Amino acid sequence: SRVKNETEFTLTFRSFNGAEYHTFDLDKGDGIWVEIDCEEGALFVTIQKEGDAPVYSGAEPLSGGFKVEVQESGTYQITVTGEHAKGSAAFSVIVNQ
């Protein structure tokens, strides 16, 4: 299953092969809370502003939560690629107050 909106991108999967994409419009100082639970297989996650180098890139059967802070305002694309992956991946916008 999947949820995609202005502040949330969530995937839950039993056998995920391929890629899912979503974008967030963020301001400087905002962040993205990343929560990964990969029970089997592998996930590759990239977060990047259009035209720039990734602000986060990770490839391993990782699990846990962490924050990715953005230094520039813009549209950021999250790409989740799975290889026989089972679990979930959730991304939530943290607005800089």
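**Before the views.** A residue is called exposed here when its relative accessible area is over 50%, buried when that area is under 20%, and partly exposed in between. The model shown is a predicted one. With those words in hand, here are the close-ups.

**View 1. Arg2 and Glu20 meet in a salt bridge.** Begin with Arg2, which has a relative accessible area of 53% and is therefore exposed. Its partner Glu20 is buried, at 13% relative accessibility. The two side chains form a salt bridge, with 2.8 Å from N to O. Arg2 sits in strand S1 (residues 2-4) and Glu20 in strand S2, so this pair ties together parts that are 18 residues apart in sequence. Lys4 belongs to the picture too: Arg2, Lys4 and Glu20 are linked in a network of salt bridges. As general background, side chains of opposite charge can pair when their charged atoms come close.

**View 2. Strands S1 and S2 form a hairpin.** Between S1 and S2 there are 3 residues. The two strands run antiparallel and are joined by 3 bridges. To find your way along this pairing, look for Val3, which stands opposite Thr10 in S2. A little further reading along S2 brings you to Leu11, a residue of that strand. Is Leu11 buried or exposed? Leu11 has a relative accessibility of 4%, so it counts as buried.

**View 3. Strand S2 pairs with strand S6.** How many bridges join S2 to S6? There are 16, and the two strands, S6 being residues 74-94, run antiparallel. Two pairs make handy landmarks for this view. Thr12 has Ser88 as its bridge partner in S6, and His22 stands opposite Ile78 in S6.

**View 4. Strand S3 pairs with strand S6.** S6 also pairs with S3, again in the antiparallel sense, over 17 bridges. Here Leu43 is a useful marker, as it stands opposite Gly82 in S6. Gly31 lies in strand S3 as well. With a relative accessible area of 0%, Gly31 is buried. Phe91 is 60 residues from Gly31 along the chain, and their C-alpha atoms are separated by 9.9 Å.

**View 5. His84 has a positive phi.** Which strand holds His84? His84 lies in S6. Its phi is near 55 degrees, a positive value in a residue other than glycine, so this is a backbone spot to look at with care when you inspect the strand. His84 is exposed because its relative accessible area is 53%.

**View 6. Lys49 and Glu72 meet in a salt bridge.** The N to O distance in this pair is 2.9 Å. Lys49 lies in strand S3, while Glu72 lies in the loop between strand S5 (63-69) and S6, so the salt bridge ties together parts that are 23 residues apart in sequence. The two partners differ in their surroundings: Lys49 counts as buried at 18% relative accessibility, whereas Glu72 is partly exposed at 41%. Lys49 can also be placed against the Leu11 of View 2: the two are 38 residues apart in sequence, and their C-alpha atoms are 21 Å apart in space.

**View 7. Lys67 and Glu69 meet in a salt bridge.** In this pair the side chains come to 4.0 Å, N to O. Lys67 is partly exposed, with a relative accessible area of 43%. Glu69 is partly exposed too, with a relative accessible area of 43%. Taken over the whole model, the count comes to 5 salt bridges.

**View 8. Four acidic residues form a negative surface patch.** Which residues make up the negative surface patch? They are Glu6, Asp25, Asp27 and Glu50. One of them, Asp27, is found in the loop between strand S2 (8-26) and strand S3 (31-49).

How values were computed
Residues numbered from 1 in each chain as written. Predicted model: local features only at pLDDT ≥ 70, side-chain atom pairs only at ≥ 80, totals over all residues. Heavy atoms only, no water. Patch = residues over 30% accessible without salt bridge, like charges linked within 9 Å, V, L, I, M, F, W, Y side chains within 5 Å. Areas by Shrake-Rupley, 256 points an atom, 1.4 Å probe, with all protein chains shown as cover. Lys, Arg positive; Asp, Glu negative; His and termini not counted. Charge placed at Lys NZ, Arg CZ, Asp CG, Glu CD. Helix = DSSP H or I, 4+ residues; strand = E, 2+ residues; numbered from the N terminus. Pairing = 2+ DSSP bridges. Buried < 20%, exposed > 50% of the residue type's maximum accessible area, 1.4 Å probe, protein only.
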